[in-house]
Structure formats: C-alpha cells, structure tokens
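Thanks for asking me to look this one over. Here are my notes, written so that you can follow them with the model open beside you.

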Amino acid sequence: FRELGTQSAYSATEIANAATSLALAGYSLDETKAASEPILQLTQATCENFEDMANIVVDGLHEFGMEATEASRFADVLAKTAISTNTDVQEMGEALKYAGAVAGSFGFQIEDLATALGAMATQGVKGSMAGTALRTTITRLATNVSHAREAFESIGGSFYDAEGNARSFYDIVSDLRKGMKGLSDEERSTIARSEERRVGKECRS
C-alpha cells in the first residue's frame with residue numbers, strides 16, 4: 001500500500017484505511033491488494049473521495065456476486081458511465097444500494113445496470129430515485145406484481161427464458177423499448193397513467 005501511496009496524491013495511510021473496507025468484507029491480503037489499484041484509478045479518474053470509492057466498489061462486487069479480481073472491470077464500468085453521462089460514481093453507488101442486490105440475484109451484469117442508470121440520469125432520475133425505480137421494475141416483472149409481467153408479455157416482452165431463468169437485463173430493456181415503440185400515443189398515455197396511479201397508491205400506503 002505504501003507503493004500505491006507514492007504513485008498517487010493519496011498517502012499510504014489513506015489507501016490502507018480504505019483497503020480496510022475490503023478486508024472487513026472478507027477479502028484476503030492478495031485480493032485486497034488486487035482491488036485497491038483499480039479503486040485508486042477510479043478515484044483519480046473521477047476526482048471522488050478514495051474511501052467512498054472503495055466502499056462503493058466493495059459493496060457493488062458483493063451485490064453482483066463478483067470476485068475481488070473483477071474490481072478493475074467494475075471500476076471501469078463506473079468510471080466510463082460517469083464520464084459519458086449526466087451522473088457520477090457517488091450517485092451510481094447510491095442507486096446500487098437499492099437495485100444492486102436485486103439485479104445481482106437475477107444474474108444481471110453491472111454493464112447493463114450502469115447503462116440504464118446513465119440513461120435515467122439524462123432524464124434527471126438519479127441516485128436513490130433511480131435505484132428505487134429499477135428495483136421496483138425488476139421486482140414487479142419478476143414476480144408479476146400488479147400483473148406487470150403479463151402487461152410486459154402483451155407487448156412482446158419476456159422476463160424469463162424457456163428454462164425459467166431471467167434473461168439478461170439488456171434483452172429485457174430491449175424488449176420493453178421495442179414493445180413501447182409499437183404503441184400509439186394513447187396507449188402509451190394509458191400505461192403512464194396506470195403507473196402514476198400505482199405509484200400514488202404506494203406513496204399513500
């Protein structure tokens with residue numbers, strides 16, 4: 001860790017303190033070292049706080065069932081999304097607190113979730129709001145709450161494949177886009193009003 005400190009604007013002590021998050025998550029010394037460098041690179045690329053970045057990456061790896069050796073992949077995805085869209089790593093980390101575990105439980109990839117979060121950010125939906133929206137959508141489609149999956153299937157979508165496994169998040173979102181594209185403005189408005197009533201009901205309950 002001292003070597004990483006000499007190669008960056010952060011001291012060895014700061015890096016060691018952040019690395020404690022990985023150790024507490026059950027990572028071995030070698031795994032902690034492997035994950036620390038990409039986290040440092042993420043911090044430098046985004047000008048965020050090092051310890052915050054460490055916590056976001058550690059939590060994210062756990063939520064998506066990823067190994068410490070995949071920290072570089074995870075960090076790269078967050079950095080690229082933050083640089084290319086109207087959001088930042090802090091906001092994505094906040095969103096993943098709400099949606100990460102659910103997404104990971106269905107085997108969804110961080111790349112697809114990050115793409116969705118970036119797209120939502122361009123519409124002004126970020127952080128916990130974006131995470132809650134994604135979690136709700138995934139849960140409703142998976143469990144058919146309020147007949148959501150039936151409605152999805154009626155426009156040609158499919159959450160599960162023939163073997164009963166969740167399809168990729170990318171494929172699910174692609175189905176949704178294609179299905180909505182084929183609807184008239186009136187049909188889209190009907191769906192939107194139905195969703196507004198559902199959200200309003202949940203807020204009152």
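The points below go from the overall fold to single helices, helix pairs and a loop.

1. **Overall picture.** Please keep in mind that this is a predicted model. The protein has 11 helices and 0 strands, so there is no sheet to look for, given that the elements run α-α-α-α-α-α-α-α-α-α-α from the N terminus on. Of its 205 residues, 40% count as buried. Among contacts with a separation of 6 or more, 57% are made by residues 24 or more positions apart.

2. **Helix H7 by itself.** A good place to begin is H7, which covers residues 110–122 and has 13 residues. From its first C-alpha to its last, H7 reaches 19 Å, close to the 18 Å expected at 1.5 Å a residue. Just after H7 you will find Gly-124, with a positive phi of about 85°.

3. **What H7 buries, and against what.** Which residues of H7 are buried? They are Ile-110, Asp-112, Leu-113, Ala-114, Ala-116, Leu-117, Gly-118, Met-120 and Ala-121. The buried residues of H7 pack against four partners: helix H5 (71–84), helix H6 (89–105), helix H8 (127–143) and helix H10 (169–181). If you colour the model by burial, note that Asp-112 is on the buried list.

4. **H6 with H7.** One of those partners deserves its own look. H6 and H7 pack at an angle of about 135°, with their axes 11 Å apart, and they are therefore oblique to each other. H6 passes H7 in a right-handed crossing. On the H6 side the contact is made by Met-92, Ala-95, Leu-96 and Ala-103, which meet Ile-110, Leu-113 and Leu-117 in H7. By class, this contact has 7 nonpolar, no polar and no charged residues. Ile-110, Leu-113 and Leu-117 also appear among the buried residues of H7.

5. **H6 with H8.** How do H6 and H8 pack? Their angle is about 15° and their axes are 6 Å apart; the two helices are therefore roughly parallel to each other. Here too the crossing is right-handed as H6 passes H8. From H6, the residues involved are Glu-91, Glu-94, Ala-95, Tyr-98, Ala-99, Val-102 and Ala-103. They meet Gly-127, Ser-128, Ala-130, Gly-131, Thr-132, Leu-134, Arg-135, Ile-138 and Thr-139 in H8. The residues of this contact divide into 8 nonpolar, 5 polar and 3 charged. Ala-95 and Ala-103 are worth clicking on, as both belong to the H6 side of this contact and also to the H6 side of the contact with H7.

6. **H4 with H5.** Moving back along the chain, the axes of helix H4 (residues 50–63) and H5 come within 10 Å and cross at roughly 115°. H4 and H5 are therefore roughly perpendicular to each other, and H4 passes H5 in a right-handed crossing. Ile-56, Val-57, Gly-60 and Leu-61 in H4 meet Ala-71, Phe-74 and Leu-78 in H5. The residues of this contact divide into 6 nonpolar, 1 polar and no charged.

7. **Leu-61 in detail.** Leu-61 lies in helix H4. Is Leu-61 buried or exposed? With 0% relative accessibility, Leu-61 counts as buried, because the cut-off is under 20%. Leaving aside neighbours within four places in sequence, Leu-61 is in contact with Tyr-27, Met-66, Glu-67, Ala-68, Glu-70, Ala-71 and Phe-74. The C-alpha atoms of Leu-61 and Ala-71 are separated by 7.1 Å, with the two residues 10 apart along the chain.

8. **The loop between H8 and H9.** My last point concerns backbone angles. Ser-146 lies in the loop between H8 and helix H9 (148–154), and His-147 is in the loop between H8 and H9 as well. Ser-146 has a positive phi of about 55° although it is not a glycine. His-147, also not a glycine, has a positive phi of about 60°. Ser-146 counts as partly exposed at 47% relative accessibility, while His-147 is exposed, with a relative accessible area of 52%.

Key. Residues numbered from 1 in each chain as written. Predicted model: local features only at pLDDT ≥ 70, side-chain atom pairs only at ≥ 80, totals over all residues. Heavy atoms only, no water. Expected span 1.5 Å × (residues − 1). Buried < 20%, exposed > 50% of the residue type's maximum accessible area, 1.4 Å probe, protein only. Contact = heavy atoms within 4.5 Å. Axes fitted to C-alpha atoms, helices over the stretch in contact; angles between N-to-C directions. Parallel < 35°, antiparallel > 145°, perpendicular 65-115°, else oblique. Left-handed = near helix turned anticlockwise from the far one by under 90°. Nonpolar A, V, L, I, M, F, W, Y, C, P; charged D, E, K, R; others polar.
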